[in-house]
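Below are some notes on the model, set out as numbered points. Please read them alongside the coordinates.

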Amino acid sequence: MKTNAFSLIMLFCITLCLPIVAHSETQLSYATFFPATHIQSKTAEAWCEEVKQKTQGTVEVNFFPGQTLVKAPQIYDAVVEGIADIGFGVLAYHRGRFPLMAAMDLPLGYSSGVQASQIANALYEQFKPQEFHDVHVLYFHAHGPGFLHTAKTPIKKLADWQGMKIRATGNSAALVLALGGTPVASSITEAYQAIQKGAVDGGMYPMSSNQGWRMAEVVDYMTEAKSIAYTTAFYVVMNKEKWNALSQAEQEALTQLSARYILKHGQAWDSADATGRNAFLEHGNSIISIDAQEDEKWRIAVQPLIQEYITSVNQKGLNGQVIIQFISSALSTQ
């Protein structure tokens with residue numbers, strides 16, 4: 001009995017000496033479709049790591065890249081339903097669902113990811129659209145100028161679009177149609193094989209995809225039409241119940257952190273564009289720069305698309321002209 005008592009006392013003392021392992025009070029899941037190696041995944045993962053630091057360890061975010069938790073088109077709904085607590089997805093995969101923010105994807109002549117990301121958040125803050133009522137918006141970001149990439153057939157003038165099947169989503173699909181091509185809907189995760197197999201003749205995407213999604217391996221030409229350069233806006237949103245369950249201090253930490261990451265994501269897009277451009281050229285591909293006269297033809301060709309957007313959102317109770325003017329003004333000043 002004495003031996004047993006002594007053993008219990010020793011065990012108690014050893015237990016007191018063991019380090020206390022701290023566990024975060026709140027565990028959150030974060031889903032995206034970008035692969036873990038992509039610069040945007042790395043940027044998002046850095047945000048997750050900073051959350052733990054900024055909340056002194058009370059909130060921990062577990063990162064799930066590459067569709068390991070949710071498939072790309074389902075990310076937003078997965079956040080609404082609580083399957084993922086935080087989601088980083090693309091608005092273009094939900095055509096018609098976010099009418100106000102869809103204006104970001106119009107071919108208005110974006111010049112960089114930083115510019116596009118700042119405008120996307122300014123647009124949201126200016127109009128606070130009800131289309132995001134079912135989530136808590138953390139922030140938006142957007143890629144650099146999107147251009148036409150083709151395999152085998154170069155596109156040098158407007159007439160060359162005829163008969164071309166081009167992978168595009170959201171407003172970029174309408175852009176292809178306005179220019180005379182045939183849009184084929186598919187996610188960026190499917191675009192490589194679609195072009196490689198000849199199911200489509202090319203795709204609309206930013207230069208970053210030439211490296212991040214290895215698209216430089218399957219295309220031959222990129223046509224720079226700067227006046228109609230489009231972007232694609234991405235959302236980072238959080239489940240409302242999980243957001244409301246956070247303390248005020250935790251919410252403030254996430255809000256301040258998210259504001260900083262608008263620029264970080266924009267810079268990451270621009271860095272990836274530079275890398276993608278180099279990868280494109282290293283594969284022996286060619287960049288086609290159209291002259292000012294031809295560029296103006298392309299700009300005129302897409303004006304009905306912009307007017308169509310204005311008309312469609314007016315029917316939904318929004319002021320399309322004001323939305324376009326806001327973006328155009330921001331483009332001219334940034």
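1. Buried here means under 20% relative accessible area. The model is a predicted one. By that cut-off, the buried residues of H4 are Gly113, Val114, Gln115, Ala116, Ser117, Ile119, Ala120, Asn121, Leu123 and Tyr124. They pack against strand E4 (135-142) and two helices, H9 (248-282) and H12 (320-333).

2. The length of H4 is consistent with a helix. For the 15 residues from 113 to 127, a rise of 1.5 Å a residue predicts a span of 21 Å, and the end C-alpha atoms are 21 Å apart, so the two agree.

3. Both ends of H4 can be described. At the N-terminal end, serine 112 acts as a cap, with a side-chain oxygen 3.0 Å from the backbone nitrogen of glutamine 115. After the helix comes lysine 128, which has a positive phi, near 40 degrees.

4. H12 also meets helix H11 (residues 303-314): the axes come within 8 Å and cross at roughly 130 degrees. Angles from 115 to 145 degrees fall in the oblique class, so H11 is oblique to H12. H11 contributes Ile306, Tyr309, Ile310, Val313 and Asn314 to the contact, and H12 contributes Gly320, Gln321, Ile323 and Ile324. By class, six of these residues are nonpolar, three are polar and none is charged.

5. Is threonine 182, in strand E7 (residues 182-184), buried or exposed? Its relative accessible area is 41%, so threonine 182 counts as partly exposed. Beyond its neighbours within four places in sequence, threonine 182 is in contact with Met164, Lys165, Ile166 and Val176. Methionine 164 is 18 residues away along the chain, with 5.9 Å between the C-alpha atoms of the pair.

Key: Residues numbered from 1 in each chain as written. Predicted model: local features only at pLDDT ≥ 70, side-chain atom pairs only at ≥ 80, totals over all residues. Heavy atoms only, no water. Helix = DSSP H or I, 4+ residues; strand = E, 2+ residues; numbered from the N terminus. Expected span 1.5 Å × (residues − 1). Buried < 20%, exposed > 50% of the residue type's maximum accessible area, 1.4 Å probe, protein only. Contact = heavy atoms within 4.5 Å. Polar contact = N/O pair within 3.5 Å; in protein donor to acceptor, adjacent residues only side chain to side chain. Axes fitted to C-alpha atoms, helices over the stretch in contact; angles between N-to-C directions. Parallel < 35°, antiparallel > 145°, perpendicular 65-115°, else oblique. Nonpolar A, V, L, I, M, F, W, Y, C, P; charged D, E, K, R; others polar.
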